[in-house]
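Subject: Structure handover, with notes on salt bridges and one serine

Hi,

Here is the structure I said I would pass on. Have a look at it first, then read on for what I found.

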Amino acid sequence: MASMSRDHPGSRRSQAASSDVPPAASPLPVSVIIPAYNRPEMVRRAVASALAQRPNPPAEVIVVDDCSSDDTGAAAAEAGARVIRHERNRGEAGARNTALSHAQQPWIGLLDSDDEWLPDMLAKLWPLRGDHMLVGGASLNCGSDPRRDRYAGVLRRRPVILRSPESLIYPGNYIAASGTLARRDVVERVGGWAEGMRQGADMDLWIRVLEQGTGVVAPAVVAIYHVHEGQMTQDNDALARGHEAVAMRYRDRPWWRPGALERSRGVSAWDAGRRELNAGHRGSAARLMWEGVRRPLRLAGVAETSWRRYALRRRSGMVTRTGAPTMARLASAPVPAELQAGHAIPVLDGRLGRVGALGRLIVNPVGAVVVDSPAWALAVRATGAEPILPSQPLRER
């Protein structure tokens with residue numbers, strides 16, 4: 001797609017950005033902004049995760065207590081945040097705008113009160129910023145069952161440069177609300193978050209930010225999105241309508257392409273049909289699913305999205321809640337010395353020997369596999385896993 005480059009930030013821009021990283025323990029010029037409403041324990045966890053960044057913490061953490069009726073503000077303050085209280089509830093967008101107006105650093109970091117940053121979030125994203133308008137990472141959507149954790153982010157191995165807002169319309173907005181850094185002056189210049197929008201406020205803001213310049217999104221998992229009972233039930237049809245409404249607001253822009261929206265409409269109709277089918281409404285399901293594929297661009301959108309979702313499910317099995325890769329090893333492969341102190345690494349085996357082990361890896365992917373030869377390193381890499389050769393120097397792995 002024209003809106004997404006294959007480039008990755010390994011050039012002069014990123015090298016210049018990494019050269020001015022402060023010494024260890026020196027704060028980075030980042031204001032973390034957290035909107036919160038009636039979530040004392042969750043906001044305590046969120047603030048702690050922001051302040052626990054290593055080797056460089058953010059300069060400040062701002063929590064906007066959006067007129068909570070409990071001790072959310074006190075919990076945030078005890079955890080180390082600067083707390084600003086709304087005397088009336090203004091919603092997430094209003095709370096974020098208040099935090100933005102009080103931020104004192106040139107960059108803002110986004111974190112929702114019920115989510116958390118992994119300890120190396122800033123360490124992974126800060127060096128990528130260059131002259132981009134925003135820097136994002138991936139998240140892991142986690143509930144009570146770790147086997148159902150889901151990766152959300154880009155699928156390429158290297159960071160992806162966003163050169164146009166078009167890719168937020170299709171394949172969709174994968175710039176996480178928790179786990180993104182943005183230039184404060186740019187967010188202020190484009191007006192911050194649009195208050196009063198029931199759906200799509202984040203996407204709406206990122207479109208306006210990317211009209212000012214480029215962004216970069218890394219595949220590294222930097223945040224945990226906690227799925228819990230206290231969240232609002234998602235109305236998938238309303239989400240789809242909100243997505244289209246935001247897209248249509250910008251149809252007069254030079255970067256806007258009707259094909260992107262048409263692909264998105266196909267996916268929305270197909271998904272609605274699947275929900276109807278699951279509910280036992282076969283007639284409406286057939287109509288909606290036909291609506292999703294009856295035009296070539298819509299059919300392309302459904303096919304591409306189906307493949308992307310399959311790839312996302314595979315990626316979900318390749319990363320742990322710490323952001324580290326899940327691991328396995330071939331039966332005869334020795335465990336590298338630097339890994340022996342960690343948890344036991346399961347053996348990848350199969351009834352047909354190594355061929356069976358490779359088949360098992362294709363069906364149940366992991367992030368890294370300890371191998372014992374360059375040939376098997378190539379075979380493992382072909383499945384999407386990262387091979388580890390014990391004989392290879394650590395710095396070259």
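Below are my notes on the salt bridges, followed by a serine that caught my eye. Keep in mind that this is a predicted model.

**Salt bridges**

The count comes to 31 salt bridges. I'll go through a few of them.

Start with D149 and R321, whose side chains meet in a salt bridge at 2.7 Å, N to O. This pair ties together distant parts of the chain, with the two positions 172 residues apart. D149 sits in the loop between β7 (134-142) and β8 (150-152), while R321 is in the loop between α12 (296-316) and β12. The two ends also differ in how much solvent-accessible area they keep: D149 is buried, at 6% relative accessibility, because the cut-off for buried is under 20%. R321, at 34%, counts as partly exposed.

A local case is R208 with D204, a salt bridge at 2.8 Å, N to O. Why are these two separated by about one helical turn? Both belong to helix α8 (residues 201-210) and they are four residues apart in it, so about one turn of the helix lies between them. Both residues are buried.

Then there is R381, which forms a salt bridge with E386; their closest N and O atoms are 3.3 Å apart. Here each partner is partly exposed, R381 with a relative accessible area of 39% and E386 with 32%.

Beyond the pairs, there is a network of salt bridges to look up in your viewer. It links E244, E262, R265, E291, R294, R295 and R298. As general background, side chains of opposite charge can pair when their charged atoms come close.

**The serine**

S332 lies in the loop between β12 (327-330) and α13 (337-340). Is S332 buried or exposed? Neither, quite: with a relative accessible area of 48% it is partly exposed, because exposed would need over 50%.

Which residues does S332 touch, leaving aside its neighbours within four places in sequence? The answer is R354 and D372. With D372, the side chain of S332 makes a polar contact to the side chain, at 2.8 Å. S332 and D372 are 40 residues apart along the chain, and their C-alpha atoms are separated by 7.3 Å.

That's what I have for now. Shout if anything is unclear.

Cheers

How values were computed. Residues numbered from 1 in each chain as written. Predicted model: local features only at pLDDT ≥ 70, side-chain atom pairs only at ≥ 80, totals over all residues. Heavy atoms only, no water. Buried < 20%, exposed > 50% of the residue type's maximum accessible area, 1.4 Å probe, protein only. Contact = heavy atoms within 4.5 Å. Polar contact = N/O pair within 3.5 Å; in protein donor to acceptor, adjacent residues only side chain to side chain. Salt bridge = Lys/Arg side-chain N within 4 Å of Asp/Glu carboxyl O.
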